[in-house]
Amino acid sequence: EFPALVATQMLWGLGWTFTSGAEVAWLTDELDQPERTASVLTAAARAEQVGAAAGLIGFGALAALTTLGTAIASSGVAMWALGGYVAARFAEHNFTPTRVHRLRESASIFRRGVGLARRDRQILVVFTATLLVNGAWEGFGRLFAKHLVELGFPEAPSPIVCLTALGLVALAMGAISLRSTCAGARC
């Protein structure tokens, strides 16, 4: 149902807002070795590519063997389990939370960020580009697979198989990009 789809996408967007960048902040605090941060993040990006490929294959296979609904529900349960594992396994030891005036501190950080963006043209350009790209993605990206099917994706093999293959090609291209980025560097 459409209202349920909207609700889940709003929840997903809210969750993503709190997680995007959180792994970089966590790593920076916990590793406490700035010279190693870039190489660890690159290794994590590689692991994410492999994990995403395995997830795509597993999801595609499960959807092909059962139903799309079963695969989606199973993926949701797996994500809950992964979230529980991460929460239990990766503790924060070097993070000092703000105990008082959280709203005031957040507003202060926001004001300083806006001030920095106003003063620094490069940051303003990056911020504007990010806002526009992500805004466009929100309007188009979630319906990308549906658009492809409507444009005439092959009926055989199943569109799920084709979308899985397309996802794997995209991940392979990302892996190639990561490899070329680290050429000559210790990543």
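Buried means under 20% relative accessible area, exposed means over 50%, and partly exposed lies in between, with a 1.4 Å probe and protein chains only. The model is predicted, so local features need pLDDT of at least 70 and side-chain atom pairs count only at pLDDT 80 or more, while totals for chains, interfaces and linings use all residues. Residues are numbered from 1 along each chain as its sequence is written, and side-chain values use heavy atoms, with hydrogens and water left out.

**Exercise 1.** Place Leu82 in its helix, classify its accessibility, and name the nonpolar surface patch to which it contributes.

*Solution.* Begin with the helix: Leu82 belongs to H4, residues 68-89, where helices are DSSP runs (H or I, at least four residues) numbered from the N terminus. Next, Leu82 has a relative accessibility of 45% and therefore counts as partly exposed. Finally, Leu82 joins Met79, Tyr85, Val86 and Phe90 in a nonpolar surface patch of about 500 Å².

**Exercise 2.** Find the aromatic pairs of the whole structure and describe the cluster that ring pairs build.

*Solution.* A pair of aromatic rings is described by the distance of the centres and the angle of the planes. Rings of Phe, Tyr and Trp (its six-membered ring) pair if their centres lie within 6.5 Å, and planes under 30 degrees apart count as stacked, over 60 as edge-to-face and the rest as tilted. The search of the whole structure gives 2 aromatic pairs. In the pair of Trp26 and Phe90, the centres are 5.7 Å apart and the planes stand at 85°, so this pair is edge-to-face. Because Trp26 lies in helix H2 (residues 22-31) and Phe90 in the loop between H4 and helix H5 (102-119), the pair ties together parts that are 64 residues apart in sequence. For Tyr85 and Phe90, centres 6.3 Å apart and planes at 90° make the pair edge-to-face. Trp26, Tyr85 and Phe90 are thus linked by ring pairs into a cluster.

**Exercise 3.** Classify the accessibility of Thr37 and list its contacts beyond four places in sequence.

*Solution.* Thr37 is a residue of helix H3, residues 34-65. Its relative accessible area is 13%, and Thr37 is therefore buried. With contact taken as heavy atoms within 4.5 Å, and leaving out residues up to four places away in sequence, Thr37 touches Leu27, Thr28 and Leu31.

Technical notes:
Patch = residues over 30% accessible without salt bridge, like charges linked within 9 Å, V, L, I, M, F, W, Y side chains within 5 Å. Areas by Shrake-Rupley, 256 points an atom, 1.4 Å probe, with all protein chains shown as cover. Salt bridge = Lys/Arg side-chain N within 4 Å of Asp/Glu carboxyl O. Helix = DSSP H or I, 4+ residues; strand = E, 2+ residues; numbered from the N terminus.
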